[in-house]
Amino acid sequence: MATQRVLPQSKETLLQNYNKRLKDDIKSIMDNFTEIIKTAKIEEETQVSRPAQAEQDHYEMHVRAANIVRAGESLMKLVSDLKQFLILNDFPSVNDAISLQNQQLRSLQEECDKKLMSLRDEIAVDLYELEEEYYSSRYK
Amino acid sequence: MSGGPAVRISIESSCEKQVQEVALDGTETYVPPLSMSQNLAKLAQRIDFSQGSDSEEDGAEGESRDREWSKQEPEEEEGAVKFQPSLWPWDSVRNNLRSALTEMCVLHDVLSVVKEKKYMALDPVSHDPSAVKTPQVFQLISKKKSLGTAAQILLKGAERLSKSVAENQENRRQRDFNSELLRLRSQWKLRKVGDKILGDLSYRSAGSLFPHHGTFEVIKNTDIHLDKKIPEDYCPLDVQIPSDLEGSAYIKVSIQKQAPDIGDLGTVNLFRRLQKNKSGTQPWHVKLEAAQNVLLCKEIFAQLSREAVQIKSQIPHIVVKNQIISQPFPGLQLSISLCHSTGDKKNSRSSPEKPKPDDHLYVLEHNLHQMMREFHKQQLSSVVMPHPATAPFGHKRMRLAGPLAYDKAEISSLQHNEGLLEKIIRQAKHIFLRSRTARTIDSLASRIEDPQIQAHWSNINDVYESSVKVLITSQGYEQICKSIQLQLNIGVKQIRVVHRDGRVITLSHQEQELQDFLLSQMSQHQVHAVQQLAKVMGWHVLSFSNHVGLGPVESIGNASAITVASPNGEFAISVRNGPESGCKVLVQFPRSQSKELPKSDVIQDSKWSHLRGPHKEVHWSKMEGRNFVYKMELLMAALTPCP
């Protein structure tokens, strides 16, 4: 859709924004995962005391795992945003729906008109007879 | 040293560059070294050119300093003194050299200490193997643990994600929201503003000029807890409409008269109630349509009240709150009101329970809606249609107005655009006139049995014109007596009567005029009927007059009269019929048969017996027969001699 037509500026930036979000999230997942793996490596002596180092690693992994999950959720949100964007901006399908509805309503109108016409004709015939009967009857 | 294992000795040199900052992780960033030119500039800055180069004091001081250092570095120092007497610009050089010397001294000391082994020997530190391994195990365990918790977090997150993707209620709801949104989108205008999805329910895109913004908001309604059972009418999508468009509204058009005999106008008794949701329509759709209806009603009413104020009529239209009152005919009041119930359950429930006589004019209400839409369409087409840039694409005559030099009156006559109110008043007038005509005819028909009136309403009408055919006949003699057929064209202010022979009479809206006219026609009909009957019976018409100039003066129309003679000419019947005075029938006997007539001495000849005799009035009410023509037939039959 974006390639076929020239989109207005705001739409363009919005789409770019979606793209950026996608990339950012994927990158975040990737980076965090790599970092977790890196942290998992047992290192040689460091200057920091061991329990502190362990605690730091523990905490870091926590945070990074949570980051991965957040990125995943953000991707889901992106999916739903994209759906909404498509629904709201898919003008060809909206036009189709409108023309379809238009057609349906027109045929309904035609049908109603036809029915009304025939009803009117029938009633007119009956009315004539009824009028004749009514005005010549004793009970007016 | 060579015998034992290699020992690593760390001698850290003092840093050459200045530390710019120390990051949180301990790394140090240095100020980048100056380039050659920068260095030169920096050095040049230090030179104080204003001072004399051969200042004595300065030189002495400098030299004393020099001497202090010249013990260690005599060559360089002296070179410096030679070239630059002022030493301060060379301060940095000196500093660097001094630090280099310090480091060299330290290195020298360390090396000598190591080499001499007099004071200390360097041996590698003996590592306790158990002491080394435990921290690694500890590290391993701690890392494993932290990896485990990280994995748990990831798993939890993944579970949530897969839950929302997999086929379950939450997902169905999600998808439902999107599919509902899609359905909503296919029927209503939507756009996204920030985080909100806003819709438009106004008729602006259809050409409306009503300033109401008509915006509604789409709300995602997924707050229901997963475990709870979903109610039947649950919809994941909800809409929020502006508070002033809530509830239901309709335009009520009614005609009231001071006298209550107008109750037969629009007696349809329909309950206005919110329709129950049809299966298949979403609750939001019902809500939006109701809101749109409210909006349209408001627009119609706004338009009407604007026109009511603008239009100058003889009797000014009154606009009070939500009611417009106008007087189409004297003594008659057309009221158009906007009924808007705000959807309060208490109110809506209490009001429609009482089936009071409904005086809605549904046709007019419907027409109002239709006219508004036509107006919209007009607006739209006039705006959208491609037109020359110099002039609106309108009437051809309007374009000719310039070249043909129309004056103001002509142009305004072209531009005359009837407003909604004027149209509706005209329609109301027509409807009222029509129903009044029908009532007049019916009341006459039920009051007067002889002759009979038949009315046949035409089924093809216009909003401003309808027609009725009125036949005046005598019962049993419909085939013979077809003399009077009237076509009544009911317009807005008047009724045009087209006679069978082409005469056109225009009656005003006054009820009495039509009644009088019909009465006079009925009286004429009787005389016409006698004429027709005479033809059938073989009698001769001696004289016939629709408008007799003799006798008592009728208050309505004129009396008509006819005289017919029997086939052999012996008898004659004279009928005079007036709309008010009624009918008078006289029979003329032949002279021979009259006994009261004294025998004249003068006319004794038999030929005089053919002279007409005296008239005698028939006691018409005592005659047998169910109607006038039948009685007349009997009379004629009685007076016709048997062959």
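Modeller: Two strands count as paired if DSSP finds at least two bridges between them. Strands (E, at least two residues) and helices (H or I, at least four) are DSSP runs, numbered from the N terminus. This is a predicted model, in which local features need pLDDT of at least 70 and side-chain atom pairs count only at pLDDT 80 or more, while totals for chains, interfaces and linings use all residues. Residues are numbered from 1 along each chain as its sequence is written, chains are lettered from A and ligands numbered from 1 in the order in which they are written, and side-chain values use heavy atoms, with hydrogens and water left out.

Biologist: Happy with that! In what order do the 5 strands of the open sheet that ends with strand 11 and strand 15 of chain B stand?

Modeller: The edge strands are strand 11 and strand 15 (504-507) of chain B, each pairing on one side only. The twist averages 25° from one strand to the next; such angles run from 0 to 180 degrees between N-to-C directions, along lines fitted to C-alpha atoms, for helices over the stretch in contact. The pairing is antiparallel, and the order is 11-12-13-14-15.

Biologist: Which residue is the bridge partner of B:Ala455 in strand 12 of chain B?

Modeller: Strand 11 (residues 452-457) and strand 12 of chain B pair in the antiparallel sense over 6 bridges. In strand 12 of chain B, B:Ala455 has as its bridge partner B:Val470.

Biologist: And how many bridges join strand 12 of chain B to strand 13?

Modeller: Two of the facing pairs are B:Ser466 with B:Ile490 and B:Lys469 with B:Gln487. Strand 13 covers residues 484-490, the two strands run antiparallel, and the number of bridges is 7.

Biologist: How many of the 8 residues of strand 12 of chain B are buried?

Modeller: Buried means under 20% relative accessible area, exposed over 50%, and partly exposed in between (1.4 Å probe, protein chains only). Strand 12 (residues 466-473) of chain B is mostly covered, and its buried residues number 7.

Biologist: Which helix of chain B lies across strand 11, strand 12, strand 13, strand 14 and strand 15 of chain B?

Modeller: The helix in question runs at about 165° to strand 13 of chain B. It also lies across strand 16, strand 17 (560-565) and strand 18 (572-578) of chain B, at about 15° to strand 17. Spanning residues 511-537, it is helix 13.

Biologist: Strand 16 of chain B belongs to another sheet. What does the twist average there, from one strand to the next?

Modeller: That open sheet has 5 antiparallel strands in the order 16-17-18-19-20 (chain B). Strand 16 (540-545) and strand 20 (612-617) are the edge strands, and helix 14 (residues 628-639) lies across strand 17, strand 18 and strand 19 of chain B. The twist averages 15°.

Biologist: Is B:Ile573 buried or exposed?

Modeller: B:Ile573 lies in strand 18 of chain B. Contact means heavy atoms within 4.5 Å, and, leaving aside neighbours within four places in sequence, B:Ile573 is in contact with residues including B:Trp539, B:Val564, B:Leu586 and B:Met632. With a relative accessible area of 0%, B:Ile573 is buried.

Biologist: Which two residues touch the most other members of the largest nonpolar core?

Modeller: A nonpolar core is a set of buried Ala, Val, Leu, Ile, Met, Phe, Trp, Tyr and Cys residues joined through side-chain atoms within 4.5 Å. Among the 51 residues of the largest one, the two that touch the most other members are B:Ile336 and B:Leu368.

Biologist: Which helix of chain B gives the most to this core, and which domains does the core lie between?

Modeller: With 11 residues, the top contributor is helix 7 (residues 283-310) of chain B. Domain bounds come from an automatic or database domain assignment. Two domains of chain B both give residues to this core, so it lies between domain 1 (180-258 + 283-342 + 359-375) and domain 2 (427-515).

Biologist: Finally, about how much area do chain B and chain A bury between them?

Modeller: Buried area is the accessible area (1.4 Å probe) that two parts lose on being put together, summed over both. The contact takes 44 residues from chain B and 42 residues from chain A. On the chain B side, B:Lys143, B:Arg185 and B:His456 lose the most area to chain A, together 15% of what that side buries. Carbon and sulfur atoms carry 62% of the total, which is about 3900 Å².
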